[in-house]
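Please examine the sequence and the three-dimensional structure shown below before reading on. The explanation is intended to be read with both in view.

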Amino acid sequence: MSPRPAQPPEQAEAKKFAIIQATLDAIVAKGPAAVRLGDVAKAVGMSIGTVQYYFASRDELLAQAFSFHTATVLLHLEEMAKPGDDPRGRMARYRLHDAFAAVHGVGMHEQRSRIWLELVTAARADEGLQNCVDAVFAGWRKLFRTIVDEGLERHEFGLFELTAAEVVDTFLAIIDGFDLATVAGHGPDPQTMTRILIETADRLLEG
């Protein structure tokens with residue numbers, strides 16, 4: 001690859017970001033198998049050579065796009081885990097409710113659901129992408145487990161027949177089910193999704 005003139009770091013990062021966003025849009029529109037460097041280049045108004053300057057191959061571009069998406073989701077989860085200044089936010093039950101209400105707002109829900117489904121599928125044959133999947137599961141699990149454990153310690157929550165880990169896995173299974181339904185065009189509206197998660201949590205954690 002021939003060297004290119006130096007450019008300010010922020011300009012380079014802006015170009016990389018635009019390329020990754022266009023790649024994610026293409027993944028949502030037609031799946032990763034159909035993504036082509038030429039289509040991505042056209043979408044961002046760059047040459048294929050420019051795209052290859054930042055991402056040497058199509059596989060590298062897809063991997064970086066999925067990794068970027070994963071990092072963005074995890075950042076959202078970290079924000080959701082913060083108690084906030086509202087006194088009510090310090091109560092585990094309401095923190096859990098607020099987290100459920102924010103689930104559909106982690107990224108654009110329909111886009112995130114489609115990318116998640118494609119990522120899980122592609123990860124079956126790619127160890128690097130499997131690491132992305134594992135990181136997302138770990139992020140969601142950490143978010144809910146932290147809140148549940150705090151509620152148990154303060155006796156706000158009680159357990160009946162399921163362990164705390166099993167309760168959290170139930171939350172994740174419901175969210176994944178909503179994501180799949182969303183991709184299939186049969187997902188519930190955000191308010192219904194939130195209500196189902198809250199009612200499920202209240203029943204499982206009432207002891």
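The following paragraphs proceed from the chain as a whole to its helices and then to individual residues.

The structure is a predicted model. The chain contains nine helices and zero strands, so that, read from the N terminus, its elements run α-α-α-α-α-α-α-α-α. The C-alpha trace spans about 65 × 35 × 30 Å along its principal axes. Of the 207 residues in the chain, 37% are buried. The accessible surface amounts to about 11200 Å², and carbon and sulfur atoms account for 55% of that area. When contacts between residues at least 6 apart in sequence are considered, 70% of them join residues at least 24 apart.

Helix α1 is a suitable place to begin. Helix α1 comprises residues 9-30, a total of 22 residues, and its first and last C-alpha atoms lie 32 Å apart, close to the 32 Å expected at 1.5 Å a residue. Which residues of α1 are buried? They are Ala12, Ile19, Ile20, Ala22, Thr23, Leu24, Ala26 and Ile27. The cover over these buried residues includes α2 (37-44), α3 (48-54), α4 and α6 (109-122). After α1 comes glycine 31, which has a positive phi near 85°.

Helix α6 offers a second example. Its 14 residues should span 20 Å at 1.5 Å a residue, and its end C-alpha atoms are indeed 20 Å apart. The buried residues in α6 are His109, Gln111, Arg112, Ser113, Ile115, Trp116 and Leu119. These buried residues pack against α1, α4, α7, α8 and α9.

Histidine 69 gives a view of contacts from the position of one residue. Histidine 69 lies in helix α4, which covers residues 58-81. Is histidine 69 buried or exposed? Its relative accessibility is 12%, and it therefore counts as buried, since the cut-off for a buried residue is under 20% relative accessible area. Apart from its neighbours within four places in sequence, histidine 69 is in contact with Leu24, Arg112 and Ile115. Leu24 is one of the buried residues of α1, while Arg112 and Ile115 are among those buried in α6.

The charged residues may be considered next. The chain carries 21 positive and 29 negative charges, and the mean positions of the two groups are 5 Å apart. Side chains of opposite charge can pair when their charged atoms come close. The structure holds ten salt bridges, and three of them are described here.

One salt bridge joins aspartate 39 to lysine 30, with 3.1 Å between the closest N and O atoms. Aspartate 39 has a relative accessible area of 38% and is partly exposed. Lysine 30 is also partly exposed, at 43% relative accessibility.

Another salt bridge brings together the side chains of arginine 93 and aspartate 202, at 2.9 Å from N to O. This pair links distant parts of the chain, because arginine 93 belongs to helix α5 (residues 92-102) and aspartate 202 to helix α9 (residues 190-204), with their positions 109 residues apart. Aspartate 202 is buried, having a relative accessible area of 18%.

A further salt bridge connects the side chains of glutamate 199 and arginine 203, at 3.2 Å from N to O. Both residues lie in helix α9, four residues apart, which is about one turn of the helix. An α-helix has 3.6 residues a turn, so residues three or four places apart point the same way. Glutamate 199 is partly exposed, with a relative accessible area of 35%, whereas arginine 203 counts as exposed at 52% relative accessibility.

Two residues in the later part of the chain complete the account. Aspartate 149 is placed in helix α7, which covers residues 127-153, and counts as partly exposed at 26% relative accessibility. Its C-alpha atom is separated by 10 Å from that of valine 168, and the two residues are 19 apart along the chain. Histidine 155 is found in the loop between α7 and α8 (164-183). Most residues other than glycine have a negative phi. Histidine 155, however, has a positive phi near 65°. At 71% relative accessibility, histidine 155 counts as exposed.

Note on methods: Residues numbered from 1 in each chain as written. Predicted model: local features only at pLDDT ≥ 70, side-chain atom pairs only at ≥ 80, totals over all residues. Heavy atoms only, no water. Helix = DSSP H or I, 4+ residues; strand = E, 2+ residues; numbered from the N terminus. Buried < 20%, exposed > 50% of the residue type's maximum accessible area, 1.4 Å probe, protein only. Contact = heavy atoms within 4.5 Å. Areas by Shrake-Rupley, 256 points an atom, 1.4 Å probe, with all protein chains shown as cover. Lys, Arg positive; Asp, Glu negative; His and termini not counted. Charge placed at Lys NZ, Arg CZ, Asp CG, Glu CD. Salt bridge = Lys/Arg side-chain N within 4 Å of Asp/Glu carboxyl O. Expected span 1.5 Å × (residues − 1).
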